[in-house]
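User: I'd like a close look at one part of this model, with enough of the surroundings to place it. Here it comes.

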Amino acid sequence: MTFSLEGRTALVTGARRGIGAAIAAGYAAAGAELILMARDAALEDTLEAIKQNGGEATVITADFADPAAVEKAAIELARTRQIDILVNNAGTIRRAPAAETTTADWQHVIDVNLNSTWAVTRPIGAAMAERRTGKIVTIASLLSFQGGVTVPAYTASKHAVAGLTRALANEWGPAGVQVNAIAPGYISTDNTAELRADPAREAAIRQRIPAGRWGRPEDVVGAAVFLASSAADYINGHVLAVDGGWLSR
Ligand SMILES: NC(=O)c1ccc[n+]([C@@H]2O[C@H](COP(=O)([O-])OP(=O)(O)OC[C@H]3O[C@@H](n4cnc5c(N)ncnc54)[C@H](OP(=O)(O)O)[C@@H]3O)[C@@H](O)[C@H]2O)c1
């Protein structure tokens, strides 16, 4: 059963809500045991969904605004647990024109989306390479390909995680580790709430999506299971758009 995650342990970051919560529940349904890394241990809804899907989870706390703390937690995890799948999902966005984006806002977004992704991936990926098996799935964005509208730090961070995905695929591919990314389109989560609250912007986005609707967190789950499974053993360094066709337009 090539899409099964039975017997695998998956670390999912930022799984309290949105896309990360959906992926964690989907991985449980596919047979994986979960480790959730979040800034707060209060993950009741996600833990309940995992349980409903027949899975089990442990929670590790680390604030992704503090990459040094995240690295410390990841080094400890790499030392004590065998992690077969890593999903780099935790992410944040600050919307403001470049001239009004403060250096503190820039630093925060780069820390959460890029520096903490690196802080988790380096020790966990190195341990996978040592064991000569593992899957890393990073949540990139359409803004890994496009410039976006007044989200400069976010766009820079998401271009960077796509580059990191390719760099690590090259380096760890020979050691049996596949490093891929998913670029979700416009998905209805808190990340995009501001866009959906503006009727003109909401309609403009929806009308540009060939699928004719916004994505739901569950729309991302199939790709995340696929890239973590042995069905994707020969796929490496790829950024897979799950965007209802947006990039084809
Ligand atoms: N929604 C979209 O259209 C879209 C499109 C492309 C890419 N993405 C990416 O998908 C990923 C998930 O986003 P989402 O749409 O599901 O948004 P979301 O609902 O806002 O969820 C973001 C998740 O990241 C966590 N997080 C944020 N800041 C954190 C911090 N400092 N430390 C630890 N965890 C932190 C949040 O934890 P808390 O709940 O504790 O705040 C939450 O679980 C992000 O990387 C985002 O950039 C989203």
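Leaving aside its neighbours within four places in sequence, which residues is G185 in contact with?

Analyst: Keep in mind that this is a predicted model. Once the neighbours within four places in sequence are left aside, G185 is in contact with L142, V242 and D243. As for where G185 sits, look in the loop that runs between β6 (177–184) and α6 (193–196). Despite being in a loop, G185 has a relative accessible area of 16%, and since the cut-off for buried is under 20%, G185 counts as buried. For a sense of distance, take T101, which is 84 residues away from G185 along the chain: the C-alpha atoms of the two are separated by 24 Å.

Now the surroundings. The chain's secondary structure adds up to eight helices and seven strands, and the early part is a good place to start tracing it. Strand β1 (residues 9–13) pairs with β2 in the parallel sense, over five bridges, and within that pairing T9 stands opposite E33 in β2. To get from β1 to β2 the chain passes through helix α1 (residues 18–29), making a right-handed β-α-β crossover.

Strand β2 itself covers residues 33–38 and is mostly covered, with five of its six residues buried. β2 also pairs with strand β3 (residues 57–61), again in the parallel sense and over five bridges; here L36 stands opposite V59 in β3. The link from β2 to β3 goes through helix α2 (residues 44–52), and this β-α-β crossover is right-handed too.

Zooming out to the chain as a whole, buried residues make up 51% of the 249 residues, and G185 is one of the buried ones. Of the contacts with a separation of 6 or more, 73% are between residues 24 or more positions apart. The overall dimensions fit a globule: with 249 residues, a compact one would have a radius of gyration near 18 Å, and the chain has 17 Å, so the two agree. Along the principal axes, the C-alpha atoms fill a box of roughly 50 × 40 × 35 Å. On the outside, the chain exposes about 11,100 Å², with carbon and sulfur atoms supplying 51% of that.

So, back to your glycine: G185 is a buried loop residue, in contact with L142, V242 and D243 once its neighbours within four places in sequence are set aside.

Terms used:
Residues numbered from 1 in each chain as written. Predicted model: local features only at pLDDT ≥ 70, side-chain atom pairs only at ≥ 80, totals over all residues. Heavy atoms only, no water. Buried < 20%, exposed > 50% of the residue type's maximum accessible area, 1.4 Å probe, protein only. Helix = DSSP H or I, 4+ residues; strand = E, 2+ residues; numbered from the N terminus. Pairing = 2+ DSSP bridges. Right-handed = clockwise from strand over helix to strand, strands pointing away. Rg over C-alpha atoms; globule rule 2.2 N^0.38 Å. Contact = heavy atoms within 4.5 Å. Areas by Shrake-Rupley, 256 points an atom, 1.4 Å probe, with all protein chains shown as cover.
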